[in-house]
Amino acid sequence: MNLRKRLSGDSGAFMTNTIAGAVLNLLTVLALAGAVAGMAYYNLNTAKHGEQTAALALAESTLRDDIAWAGAVIPGGPRAVTFESAANDGQCRSARWEIKPGTNGVNLTVATSLSAFTADGHCENAPSGEGDIMLPGVAPDSAFQYLNAGGRPVSEAHTGAPAPDGVRTAHWESPDVAAVALEVTAGYDTNRETRHRISQLALSLYEEPSSPDAATTQVPEGNLRR
């Protein structure tokens, strides 16, 4: 009888302890689940950042190579540019770089083609197709810029201001494109977006013909594309 009374008196405390234990277990499970989710999110972002860094390095290397070996630079505004050069098999190589929207956002793409040279030293055929994505998920305001030999954007009218120190006046005042730059924000669709500027001087531009009827020099002596 005494045992029954004792157990009867402890029943409320037993239920209270059971509920408290269940709540504590639930909180522990939620804390562990949050920690696991946080670790997974961190690992996913780290992996995406690594992929972004690798894609940016490849895009920069390829773009610099196309600019440096270009015999002709054909501006297409801030969203596209084409580089023509002599391939190592004697054909004309055309590479069209574009900043264009796709199914998964705005991407930096490149399309290439090989064809014969025309009489004026340009590629017979232009690249066709969508091209390969070199850098996915870039900012919509990413843009190409065209610079003269003095580093001045050719889109800006020369105001008569003197050339900076170390820059030749003829280069500063020139209207001709001698270098191309890309202002791009990589990782625009992530929380790790970064702004980059890729600028490269065109080192192999074809020589201008001495007369309107003369053919353009396709490859300056000593310059052969790898």
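These are my notebook entries on a predicted model of a single chain.

**Entry 1: overall make-up.** I began with the secondary structure and found two helices and eight strands in the chain. Reading along the sequence, I noted the pattern α-β-β-β-β-β-β-α-β-β.

**Entry 2: the sheet.** I then looked up how strands are arranged. Five of them form an open sheet in the order S1-S2-S3-S4-S5, and the pairing is antiparallel. Which strands stand at the edges of this sheet? They are S1 (72-75) and S5 (132-135); each has a single partner strand, so one side of each is left without a neighbour in the sheet. On average, and with direction ignored, neighbouring strands of the sheet are turned by 25° against each other. For my own reference I add that strands of a sheet pair through backbone hydrogen bonds, either parallel or antiparallel.

**Entry 3: S2 with S3.** I next followed strand S2, residues 80-86, which pairs with S3 in the antiparallel sense over seven bridges. As one example, I recorded Ala80, whose bridge partner in S3 is Glu98. The two strands form a hairpin with five residues between them. In that turn I noted Gly90, which has a positive phi of about 90°.

**Entry 4: S3 with S4.** How many bridges join S3 to S4? I found 11 between strand S3 (residues 92-102) and strand S4 (residues 105-115), which run antiparallel. Here the hairpin connection passes through two residues. I looked up two positions across this pairing: Ala95 stands opposite Thr112 in S4, and Ile99 has Leu108 of S4 as its bridge partner.

**Entry 5: cover of S3.** I asked whether strand S3 is mostly covered or mostly open to the surface. It is mostly covered, as nine of its 11 residues are buried. For the chain as a whole, I noted that buried residues make up 33% of the 226 residues.

**Entry 6: surface and contacts.** I recorded an accessible surface of about 13700 Å² for the chain, with 58% of it belonging to carbon and sulfur atoms. Turning to contacts with a separation of 6 or more, I found that residues 24 or more positions apart account for 56% of them.

**Entry 7: aromatic rings.** I searched for aromatic pairs, and the structure holds zero of them. I did find a charged residue over a ring: Arg152 lies over the face of Trp172, at 6.0 Å from the ring centre.

How values were computed: Residues numbered from 1 in each chain as written. Predicted model: local features only at pLDDT ≥ 70, side-chain atom pairs only at ≥ 80, totals over all residues. Heavy atoms only, no water. Pairing = 2+ DSSP bridges. Helix = DSSP H or I, 4+ residues; strand = E, 2+ residues; numbered from the N terminus. Axes fitted to C-alpha atoms, helices over the stretch in contact; angles between N-to-C directions. Buried < 20%, exposed > 50% of the residue type's maximum accessible area, 1.4 Å probe, protein only. Contact = heavy atoms within 4.5 Å. Areas by Shrake-Rupley, 256 points an atom, 1.4 Å probe, with all protein chains shown as cover. Phe/Tyr/Trp six-rings, centres within 6.5 Å; stacked < 30°, edge-to-face > 60°. Lys NZ or Arg CZ within 6 Å of the ring centre and 35° of its normal.
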